[in-house]
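User: I am new to this structure and would like a close look at a single part of it. Please describe the pockets, and then place them beside the cores and one residue of interest.

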Amino acid sequence: MTMKSTKTFLKAGVLGLSLLASSVMAAVSADEAAKLGTTLTPMGAEKAGNADGSIGPWEPLSKTAGTADARGFLSDPYASEKPLFTITAQNVDQYKDKLSPGQLAMFKRYPETFKIPVYKTHRGATVPDHVLAAIKQNATQTTLVEGGNGLNNFHVSIPFPIPKSGVEVIWNHITRYRGGSVTRLVTQATPQQNGSYSLVYFQDQFVFRDQMKDFNPQEPGNVLFYFKQEVTAPARLAGTVLLVHETLDQVKEPRKAWIYNAGQRRVRQAPQVSYDGPGTAADGLRTSDNLDMYNGAPDRYDWKLEGKKELYIASNSYKLDSPTLKYDEIIKPGHINQDLARYELRRVWHVVATLKPGQRHIYAKRDFYIDEDTWQAAVIDQYDGRGQLWRVSEAHSQNYYNVQVPWYTLEAIYDLQSGRYLALGMKNEEKRSYDFGFTSTKAEFQPAALRQSGVR
């Protein structure tokens, strides 16, 4: 080979690598994006059901599918339905191909009480038209930053409705539509093995950047959303306020967090509110990135897309959200009251996260099962450094159909080793359900405003 041909060969090789890198980072073509709303739902799920009909086609719920009571709680559109069957420890082997390892482990850990009641599948999730338009725009324009740890040209929600990699699926979960903004009163329980528990009460405010009154779309900046959480009870914790500025590229600009301590009346930066830092008042049962099933920067893991599979996941959980329930009816020893749960067969994206060499996290591996219709993580199996299955996260979700918001009813994290668990998001006994449409300015989400928020 001559010197000239060698240079030509090297140039071709470099060009090939460059094109390969570009294809990894690139959005999908216009032809592929045209599937959105035709063979795919506008959010990217398969529109059709499965071959045997056990998963039906996508049929979005009407905003008038039910009614809201005076406190904002929704009626159950499927209240008259009975389970098709119930999975128990006695018959679980018949259904193991449609359960995650973590779900199977729950039957072994609690053979007498854990069950999965399976109902007819109703795929009713949808979001407002302006969000669907942004998703279609993202499909051909949004790209990953180098390393996959941020987004370019992103609008509103769901950057990759037709994902090609595991990290793209995870970004869809992180950025999925949650009403744009919300105020909510929720509770958290961390029961002992015998079922005894105390509640921690939170008041949350959550606003995506485009919902801020002073948002400038020409200069969107690097903040994805603003989050403020005040502990309102018990008295020993009341007045503590957490403030988070969640960034899109957290490697370039890490998440900014502050805590106002009511006892000290001081605002401090809180870099521990990230990755495997301890969750607020969680008794060691939740990491910071366990909130919302998973949140934060994806840079510590390698993300492998295994593809899709069918899984029984907790869906349309209106019964569990009923304002007629008391918390004592939900919290039971070992796990929540599974008689109140509703599971359906769904298609999920399976993504495996493996801790990168040289990185630190208490979870060495995480298996994500993400609902194709909503991009919400439904089940996450989490493994320790020895490769042992440690914690199983399970989300009970519902469609807030009156405002077209798919979101969680309750998040549970089951610690298989200690026999304890955490339940977060219950609001049954609170004065209101979620209140969407909260408006604010950036000034209200600055550290200087925390002292006013946390005054007892």
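Analyst: The following account takes up the pockets, then a single asparagine, and then the nonpolar cores.

The model is a predicted one. Its largest pocket holds about 620 Å³ of space. The lining of this pocket is made up of 38 residues, of which Phe227, Gln229, Leu242, Val273 and Thr280 are the closest to its centre. At least two lining residues each come from α5, β7 (223–233), β8 (241–247), β9 (256–261) and β16 (405–415). By class, the lining comprises 18 nonpolar, 10 polar and 10 charged residues.

The second largest pocket has a volume of about 270 Å³. It is lined by 18 residues, and those closest to its centre are Ser54, Gly56, Lys120, Thr121 and His122. Nine of the lining residues are nonpolar, six are polar and three are charged.

His122 also appears among the contacts of asparagine 316, together with Tyr78, Arg342, Glu344, Arg346, Ser397, Gln398 and Asn399, when neighbours within four places in sequence are left aside. Asparagine 316 lies in the loop between β11 (301–314) and α6 (327–330). With a relative accessible area of 4%, asparagine 316 counts as buried, because the cut-off for that term is under 20%.

Turning to the cores, the largest nonpolar core has 65 residues, and Ile170, Trp171, Trp303, Phe368, Ile370 and Trp407 touch the most other members. Helix α5 (residues 166–175) contributes the largest share of this core, five residues. A second, separate core of 36 residues includes Phe107, Tyr312, Tyr327 and Tyr383.

Terms used
Residues numbered from 1 in each chain as written. Predicted model: local features only at pLDDT ≥ 70, side-chain atom pairs only at ≥ 80, totals over all residues. Heavy atoms only, no water. Helix = DSSP H or I, 4+ residues; strand = E, 2+ residues; numbered from the N terminus. Buried < 20%, exposed > 50% of the residue type's maximum accessible area, 1.4 Å probe, protein only. Contact = heavy atoms within 4.5 Å. Core = buried A, V, L, I, M, F, W, Y, C linked by side-chain atoms within 4.5 Å. 1 Å grid on protein atoms, 1.4 Å probe; cavity = no way out; pocket = protein on both sides within 12 Å on 5 of 7 lines; lining within 4 Å. Points joined across faces, edges and corners; volume = space filled by probe spheres on them. Nonpolar A, V, L, I, M, F, W, Y, C, P; charged D, E, K, R; others polar.
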